[in-house]
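User: Hello! I am new to this structure and would like to learn how to read a helix and a sheet in it. Could you show me?

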Amino acid sequence: MHPFQYERARNAKNAVSTVAQNPTATFIAGGTSHVDLMKENVHRPDLVVDISGLPLQSIGGHDGGIRIGANVSNTQVAYHPDIVARYPGLSEAILAGASAQIRNMATTAGNPLQRTRCPYFRDTTQACNKREPGTGCAALTGINRVHAIFGASEACVATHPSDMAVALSALDAIVQTRGPRGNRSIPFTDFHRLPGNMPQLDTVLQQGELITSIDLPAFSGRSHYLKARDRASYAFALVSCAIALEMNGGTIRRARIALGGVAHKPWRTPEAEAMLVGKTPSEVLFRDVARAAFAHAKPLEHNAYKVPLGQNLMVRALMETSGLLPLQGTPGTAFASSAGSVAGIIPLSA
Amino acid sequence: MSQLLSAPLQIGDFVSDCSLPDGSRLFELRGRPIILAFAPEAWNPAHTYQSELFAQLLRDFNEGATFIEACTDDWHNFDTASDLASQFGVAGKRALFLVDEHGILRWKIEVEPNEVISLGEVIAALEQLKAKPQNAGGISRRAFLSATLAAAAVLSLPLLEAKADPQLPKPEVAREQNAPPAPYDSSGTIPVTLRVNGKARKLQLEPRVALLDALREYLHLTGTKKGCDHGQCGACTVHIDGERQLSCLTLAVMSQGKNITTIEGLASGDNLHPVQSAFIKHDAFQCGYCTPGQIMSATALIKEGHAHTDAEIRESMSGNLCRCAAYPNIIAAIKEAQGEVRSA
């Protein structure tokens, strides 16, 4: 691991100005992704500013919704009674990711900032424009089974690994930041970037810009998260789907759909969402919607399976959210979000 | 062979040429100091990690140093009857040899297979080598180090005692003197105080030292295991302020002011924690390497109170891998302990 200087942030203002002034400085909080990548020599900061002690630790009502402090752990969010009751899709997404240990460490701000799990990014002997701009993309012609089918570029075909971020995208969360030039509110859907020709940038955050909270807007509909992966637990999504559905009697008033594991960011599907408005839920409708959502997918050599997998997953997620199919487990738990069995056991019905 | 084995190299002896596990010859490395590391196991994360540290030490020792590493799991290519094995007499041992650029054995250390080599001693040996004036002549003065790692073929995995690792009875004073080992870059270290199993421990560490390494290498609390070192296996699970967390992905410096509990701190005196007793009763391990992590994770799981059915326990324990696949017994142990802890 590259040696670095360590500083414990005294306050947010101080942390922001320190990191903003030093391009080789970085924040650290939970460290689950960061320390791992430092061990791999992928991240090589000269200065690490520890923000884990900053008072960004509370969850509370805000503007009819919920404000989640940047340092609140993933576990705290997933099991928070208000989140479970009002945004079960977010709990399901968080509990579908990582392990209990990692969720205890990982923070609200850190989770969406985790880097891609593209194996070429993590292997410093391979070409990777995200790690070292200009070196090329080994995944483009390599083993690209887990890579993007939407929004990729010649420079990068990586996907974003977070489950939580997919749910936050479907819920239209807002990222609150404090930067060297003041505060910003960034809609979650604008927070992550597509790779384009600058895949080294995952998000729109500036150097030294600190996430202070993630806000969930008021929402009275149903939310749900469904994930398909190689193992029954503790694996990144091949494809996942977050749904936020608001009903008006028997018809859909508004639907938001975000896909995970398919793009450089949580992939919203506006055209598919529009097709649902004013309609009565049915499998036929959901199949049409899923077809439309994947109409412009551009699979690589090894990941064409993500198209039918994603379509079927989306149909099932919509069926389960709208009540046409029962959830596979209690809402707000990992059992609800796992497509297939959990950890080798057929789950209990809800 | 037995004749040779009875008279292995002594300090000051000239090391004869011999073949190395990667197919090269020791002779080819003459003119630069060499470290040879021998490990008895084919696959031992602790050893793999140590070799990374040795490599790092060599680089820090001399900027121009090159580190040549023969694959540490290349043991199947290693012949116990070979000239290398007989000369060094290392079959079944964990050992480190430092050979100078003239081919003279300058330092060696042998430990039991289940022990790790103290980095402090390696650092001291390297410093001593540096301190001795080199021969005049540019090349040898700028001698750069190569390390060649070899592993002997005798597979002797340590059997883990059911009651975690026995702690060597060391007087506290001696331990304080031993730890920390001399920092190889004194300007890069900072004082770090860790509260481990109820005791405050003062260390001098680089900020990049993971909590796992601080526990194992500096505090000699080797009950916490290093499996993958990347947060994927759970062997390094400890409790931080009562929560199960991964010590491999935690910087020690960030753990200051927190209560750290390791497997060594779980039992109260001779009374095992109910989870420890249940693991023994249900035979919830085979090789035992993942067991400290499993137990730390399981005790936290019970406290969390979210997992009761088999399926819920499996899901909640999915961050702890067991290559021996003792999973059914682990679940049985957790379910029994859960009842005991709750009724206690």
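User: What covers the buried residues of α1(A)?

Analyst: Happy to help; keep in mind that this is a predicted model. The cover over the buried residues of α1(A) includes strands β1 (5–8), β2 (25–28), β3 (47–50), β6 (174–179) and β8 (210–216) of chain A.

User: Which residues in helix α1 of chain A are buried?

Analyst: First the general idea: an α-helix has 3.6 residues a turn, so residues three or four places apart point the same way. Here, α1 spans residues 12–21 of chain A, and A:A12, A:A15, A:V16, A:T18 and A:V19 are buried. They sit on the same side of α1(A) because their arc around the axis is only 170 degrees.

User: And which exposed residues does the face turned away from the buried side carry?

Analyst: That face of α1(A) carries A:K13 and A:Q21. A:K13 also appears at the start of the helix, where its backbone nitrogen is within 3.3 Å of a side-chain oxygen of A:N11.

User: Now the sheet in chain B, please. In what order do its 5 strands come?

Analyst: In general, strands of a sheet pair through backbone hydrogen bonds, either parallel or antiparallel. In chain B the order is β6-β5-β9-β7-β8, an open sheet with mixed pairing. β6 (199–205) and β8 (243–246) of chain B are at the edges with a single partner strand each, so one side of each has no neighbour in the sheet.

User: How do β5 and β6 of chain B pair?

Analyst: β5 (residues 190–196) and β6(B) are antiparallel, with 7 bridges. To find your way along them, look for B:L194, which stands opposite B:R201 in β6(B).

Methods. Residues numbered from 1 in each chain as written. Chains lettered and ligands numbered in written order. Predicted model: local features only at pLDDT ≥ 70, side-chain atom pairs only at ≥ 80, totals over all residues. Heavy atoms only, no water. Buried < 20%, exposed > 50% of the residue type's maximum accessible area, 1.4 Å probe, protein only. Helix = DSSP H or I, 4+ residues; strand = E, 2+ residues; numbered from the N terminus. Arc of directions from axis to C-beta. Contact = heavy atoms within 4.5 Å. Polar contact = N/O pair within 3.5 Å; in protein donor to acceptor, adjacent residues only side chain to side chain. Pairing = 2+ DSSP bridges.
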